[in-house]
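Please open the model in your viewer and keep the selection panel at hand. We will go from one selection to the next, pausing at each to say what is there.

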Amino acid sequence: MECPWRLRTNNRIVVGQPETEIVDKRQQAFLELERALIGNIIKDIIHFEDISDLIVVFDRDVFLDLFHDSSWYEGWQLQGPGQFFVVSTPGGGYSHWKND
């Protein structure tokens, strides 16, 4: 992922971006991410439009938090069916396209 992120349950952080940046911890971090997400179903997506942070809500009380942290660069991208495409723009806004 190209932006700061963390995967959490209701009461604890499972794994976050910093763990993936430590060479000897990277494989373990991605395994934990995979274990938590494989077979999990997306229930909701929450977008905080003012700052363009995003929370992807999965079943089993798992949340993927994406943080937009740059005034110069895009933060994250979200793609869906029908060529749906949302990008968090520099400074915390967003743009979206949908071509049906």
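How many of the residues of strand S4 are buried? Bear in mind, as you look, that this is a predicted model. Select S4, which runs over residues 53–58, and you will find that 6 of its 6 residues are buried, so that the strand counts as mostly covered. The cover lies on both faces, with Asp53, Ile55 and Val57 buried on one side, and Leu54, Val56 and Phe58 buried on the other. In a regular strand, side chains alternate between the two faces of the sheet.

Next, show the whole sheet around this strand. It is an open sheet of 5 strands in the order S2-S1-S5-S4-S3, and the pairing is antiparallel. S2 and S3 stand at the edges, and because each has a single partner strand, one side of each is left without a neighbour in the sheet. If you look across the strands, the twist from one strand to the next averages 15°.

Now select S3, residues 42–48, together with S4. These two strands pair in the antiparallel sense over 6 bridges, and along the pairing you can find Ile46 opposite Ile55, and Phe48 opposite Asp53. Between the two strands of this hairpin there are 4 residues, and Ser52 takes a positive phi near 65°.

Stay with Ile46 for a moment, which is found in S3. Is Ile46 buried, exposed or partly exposed? Its relative accessible area is 33%, so Ile46 is partly exposed, whereas Ile55, which stands opposite, is buried. Add Phe48 and Ile51 to the selection, and you have a nonpolar patch on the surface, in which Ile46, Phe48 and Ile51 together have about 250 Å² of accessible area.

Turn then to the other neighbour of S4 and select S5, residues 62–66. S4 and S5 pair in the antiparallel sense over 5 bridges, and Phe58 stands opposite Val62. The hairpin that they form has 3 residues between the strands, and Arg60 in its turn has a positive phi of about 60°.

Finally, select the residues at the heart of the tour's last stop, the largest nonpolar core, which has 16 residues. Trp5, Leu7, Val15, Leu64, Leu66 and Trp76 are the ones that touch the most other members. Strands S1, S2, S4 and S5, along with helix H2 (26–37), each supply at least two residues of this core.

Note on methods: Residues are numbered from 1 along each chain as its sequence is written. This is a predicted model: local features need pLDDT of at least 70, side-chain atom pairs count only at pLDDT 80 or more; totals for chains, interfaces and linings use all residues. Side-chain values use heavy atoms; hydrogens and water are left out. A nonpolar core is a set of buried Ala, Val, Leu, Ile, Met, Phe, Trp, Tyr and Cys residues joined through side-chain atoms within 4.5 Å. Buried means under 20% relative accessible area, exposed over 50%, partly exposed in between (1.4 Å probe, protein chains only). Two strands pair if DSSP finds at least two bridges between them. Axes are lines fitted to C-alpha atoms, for helices over the stretch in contact, and angles run from 0 to 180 degrees between N-to-C directions. Patches are made of residues with over 30% relative accessible area and no salt bridge: like charges are joined within 9 Å, nonpolar side chains (Val, Leu, Ile, Met, Phe, Trp, Tyr) within 5 Å. Accessible areas come from the Shrake-Rupley method with a 1.4 Å probe; for residues, only the protein chains shown count as cover. A salt bridge is a side-chain nitrogen of Lys or Arg within 4 Å of a carboxyl oxygen of Asp or Glu.
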